[in-house]
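User: Please go through this structure with me, one question at a time. Keep the answers short.

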Number of protein chains: 2
Amino acid sequence: MSQNILIIGGVALGPKAAARAGRLLPDANITMIDQGTYISYGGCGIPYFVGGDVQQMNGLRTTNAGVVRDEAFFTTQKNVKTFCHTGAVSIDRRAKTVTVENTETGGQSQMPYDKLVIATGSSPRIPPLPGVDLRNVTSVTCLEAAQEIQQRCAANGIQHAVIIGAGFIGLEMAVALADMWGIKVTIIEMVDHVLPAQLCYNFAQMARHDLESLDITVLTSEAVKELKGKDGAVCQVVTDKRTIDCDQVIFSIGVTPNDKIARDAGLLCHPRGGIMVNSHMQTSDPCIYAGGDVVVMRNLVSGDFTYLPLGSMANRQGRVIGSNLAGQPDVFEGVVGAWCVKLNNMHFSGAGLTLHQARMAGFDAVEVSIEGADKAHFYPGHNNMSLNVVVDRQTRRVLGIQGCDEDGSAVKARTDVVAAMLQMGKPTLNDLANAEVCYAPPFAGAMDVLNAVANTADNVVAGRNVALTPDEFMELWNNRKENNYFFIDFRPEKAGKPIEERHPGEYLSMPLEELDERVAEVPTDRPVVLVCNTGTRSYEAQLRLRRHGIEAVNTYGGHTAFRKRGEGDAF
Amino acid sequence: MSQNILIIGGVALGPKAAARAGRLLPDANITMIDQGTYISYGGCGIPYFVGGDVQQMNGLRTTNAGVVRDEAFFTTQKNVKTFCHTGAVSIDRRAKTVTVENTETGGQSQMPYDKLVIATGSSPRIPPLPGVDLRNVTSVTCLEAAQEIQQRCAANGIQHAVIIGAGFIGLEMAVALADMWGIKVTIIEMVDHVLPAQLCYNFAQMARHDLESLDITVLTSEAVKELKGKDGAVCQVVTDKRTIDCDQVIFSIGVTPNDKIARDAGLLCHPRGGIMVNSHMQTSDPCIYAGGDVVVMRNLVSGDFTYLPLGSMANRQGRVIGSNLAGQPDVFEGVVGAWCVKLNNMHFSGAGLTLHQARMAGFDAVEVSIEGADKAHFYPGHNNMSLNVVVDRQTRRVLGIQGCDEDGSAVKARTDVVAAMLQMGKPTLNDLANAEVCYAPPFAGAMDVLNAVANTADNVVAGRNVALTPDEFMELWNNRKENNYFFIDFRPEKAGKPIEERHPGEYLSMPLEELDERVAEVPTDRPVVLVCNTGTRSYEAQLRLRRHGIEAVNTYGGHTAFRKRGEGDAF
């Protein structure tokens, strides 16, 4: 008798595992159930549907050839009997059955399995605040909610949307609403910067500035206390600092794994949520597999367990599970946490650990930032890419990278290299400094920005380059009347002189080429900060001043970073 | 007394090593000599200067801040005494001196060294053919030649240029001349396809088609026999197949390392050319370093020695040498051969070994190609990326990758990941299938095209996916009257039916969804080839037909590959 494979959940991992198993095991009896109406859809595309990039909602649930992936498609085309509106209630591991319920009729029945896949995904987190049940308060992780918002937009029904939580979906939705529909958008984030799990404060300021270029209001270090309604619909968001009138609220404060059915069945789960699986994606019951948003994975950099609910992860893990279901052993070793997001003009991406995460994981970590050309600096149309590398000071091990650029594929290229290195081993600064990446002027500089950030980090770890973050610079600059700091700008005179003229006695323009002959102008009785356009020339100045017996501190990213942070007018 | 560091060569590696050493060793006596007029220039940018992307020749020799990198710049700004028009004649390793010659006066003198760097680069190969000394016959590896060609273009002095050799510079120059100046261009390549050292025949056909879209004529498997002149200037190129009228000839058949001075000094060199160095970039004399275009490096994939003259390599190696000169040990382990090139609309890149190189290195190699979306397939503006992976059949080890896409950074991203993996270890198909790369719809598909090519290769190595290259397909298709092959197209009817109607009894349109009900239409008395838009649906068809007891062969890349090769009208 052919074996029964049952898959609970039909959005991302489920269909992938089912289709792969169906191809490898033509004779297996494969069944996939899902409690919803829509299956096998690209949930990550929801902001692009709302924002108009994807014209039809069905665009998110069709194959390349335009065929809608519904129950009939899987049943007739993929060798997978598929039932929507069918939720899993409980698992009887001894009898190897799953009790399922028709979500429309409430009728229950038993489904047998030889092998079971739990692909129940995640649910958006909704905080226990007054008013979260009001109309027009939603999250956007399912197509139904996306469609409702899109229809409200199209009917001009939203004047002011408040996004609660500055994670990926929140920021993507903010951009979609502001850019396509011209809706007033306010983002509220409890932490002091956007994308707090992905970005350092410095890069988050660049993200904030990019959002503000669409007139999006970004409120950080601010907690929502209550939603107020009128006639059952939301009309105000009350925070610990203000009250905001609005007619749409979108929660984007993360998701939690739908692991209840696994816990109830006694499968090993992580105390903070998520099913535990081995490298074959097997749960503590070897007949039961799990993957996607419902599992926690080993982080290959920190060694800790990580919750990384991403559609790409689900797809890759789904194929591994499909192979294992078919008796073709396949493994998934863990994750390094690669991510990317497009905002307005800027694209951000990263892999591995942030400085905060690295320190939490016990590393003696330092972060180093540069601004560097993403193509040859003489090639037209190049952009300044911001790159940030996180390094363990003792071992010079590379722990993480984050980047920001106008060319999304270009910044993806740099972070994907580090992701690959982290996946393959324990890369050091030497590996990154000599990372052999494709080079021709339309693609990169001869010293790739990725090599350059490693070189800068090498100089920092060695103590040669002593530099401030743009945040630290700005704090010193803004308080210069009190702290008596002196600032020297090593850019060409055209760039620095006007600032000097506005701030005599505080800010000095000294083109790098003039340093040696003008060294007497560098004060030795007050602390000195060096700055240039990107941090490169001011590093060279730092070294030269050291030869003259003068210690001064450099600034990462220089005026390019200030401009990206929207602080060009601070001077 | 401070140590004497002498650097022979001032184009790429030399200046990098000198500047790094100068920063680390403020007290060292660092001297750099170069036989030419121009130093520290971006030679890789020459085609972009000729093509107008870079407006001024000085754009290739200025810093980001617009300062020209000349003798005075290095001497006053970089702590490196620099002398142009100064060639190295010989090295006396016992006396630790270099005899140098002023190339303008012919006067010779001795320069002492404690440490010496040979950064003499390479020279373009010019074959010993009649006529190579005629006027308007050149290569384009130096700024003087570039300027001369650019001025001839600007003066409308070139009507028909012949490029001999279809390597990087040859193709970039062809595009520059045809695109910017509207010059008639003919490329002549002795091997049967362009970029023979980088591309398989299939992708090379895509490159050819892209060049032809600029009306560039590409002649392959054709050897130049003679250049003919009139009044001392070239007027004809004679090949083994034809005679071509022209008024400009550019050789681009590679470069050879300028290792004579090292050989004469008894330093270990490779029999086929190039100085041998250890991982510290030291020659067989530990006081003498070498790098850049003058050395051979260990290929980390094949284990063989490789000659890889690239500006990016020179920059990275230059920094390593600079650190070692300063007593800060640094290593450069070897190369994996990452490259990229922009043609007209298409960007090509690769890393590791081609199929041919892998087989020459003793691997039981196979290559597998796909066409896949470079962004989410529902995201507007995505392109179909062509990816080709080279795999060792026995160990499933990934040996190389090549790609082609309209988005240059996107194809760089995919090949750089493989380059990083090859640099870090011995990646397998499993590593590539689960490569964790940044994902969001504007950047990639949920199953990245890089994961997808590994998955396809997995199916090929396992014998599930048995597929033809587009070349093999075309040979069968073009000879269908003789070989009696039958072709089935699994795309939607709209795409396949018109072809069926033009070729009844030879070509059948059968949308994948109809396969099971129409299986009786599949002939069993003649060989059958399956095709779709990318190779995915036809693979699924192959599996399904197998269930029906029918073996048929699939086609990599399908009609998307045919179109990229300019063969859309073959049907």
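User: Over how many bridges do strands β25 and β26 of chain A pair?

Analyst: This is a predicted model, in which local features need pLDDT of at least 70, side-chain atom pairs count only at pLDDT 80 or more, totals for chains, interfaces and linings use all residues, and side-chain values use heavy atoms without hydrogens or water. Residues are numbered from 1 along each chain as its sequence is written, with chains lettered from A and ligands numbered from 1 in the order in which they are written. Strands are DSSP runs of E of at least two residues, helices runs of H or I of at least four, numbered from the N terminus, and two strands pair if DSSP finds at least two bridges between them. In chain A, β25 (residues 384-392) and β26 (residues 398-405) are antiparallel, and the number of bridges is six.

User: Which residue of β26(A) stands opposite V390(A)?

Analyst: V390(A) has its counterpart in β26(A). That residue is G400(A).

User: Which strands stand at the edges of the sheet that holds β25 and β26 of chain A?

Analyst: The sheet is open, with five strands in the order β22-β23-β26-β25-β24 (chain A) and antiparallel pairing. An edge strand has a single partner, so one of its sides is left without a neighbour in the sheet. The twist from one strand to the next averages 10°, where axes are lines fitted to C-alpha atoms (for helices over the stretch in contact) and angles run from 0 to 180 degrees between N-to-C directions. The edge strands of chain A are β22 (339-342) and β24 (365-373).

User: In chain B, how many residues of β24 are buried?

Analyst: Buried means under 20% relative accessible area, exposed over 50%, and partly exposed in between (1.4 Å probe, protein chains only). Strand β24(B) (residues 365-373) runs antiparallel to β25(B), joined by nine bridges, and A365(B) stands opposite D392(B). The strand is largely enclosed by the rest of the structure, because the buried residues number eight of the nine.

User: What rotation superposes chain B on chain A?

Analyst: The copies are superposed by least squares on the C-alpha atoms of residues with pLDDT of at least 70 in both. The shift along the axis is 0.0 Å and the RMSD 0.0 Å, for a rotation of 180°. That is the relation of a two-fold axis. In chain B, the C-alpha nearest the axis, at 1.9 Å, is that of A413(B); the rotation asked for is 180°.

User: Why does C287(B) form no bond with the closest cysteine sulfur?

Analyst: A disulfide is a pair of cysteine sulfur atoms within 2.5 Å, and the count over all chains is zero. C287(B) is partly exposed, at 22% relative accessibility. Its sulfur is too far from the closest cysteine sulfur, in C269(B), the separation being 17 Å.

User: Which residues of α15(B) are buried, and which are exposed on the other side?

Analyst: The buried residues of α15(B) (residues 493-502) are G496(B), I499(B) and E500(B). They lie on the same side of the helix, because they cover an arc of only 105° around the axis, taken from the directions from the helix axis to the C-beta atoms. Their cover includes β28 (486-489), β29 (507-509) and α17 (558-564) of chain B. On the other side the exposed residues are K494(B), E501(B) and R502(B).

User: Which residues does S123(A) contact, leaving aside its neighbours within four places in sequence?

Analyst: S123(A) is in strand β8 (residues 122-124) of chain A and is partly exposed, with a relative accessible area of 28%. Contact means heavy atoms within 4.5 Å. The residues in contact are G254(A), V255(A), T256(A) and N258(A).
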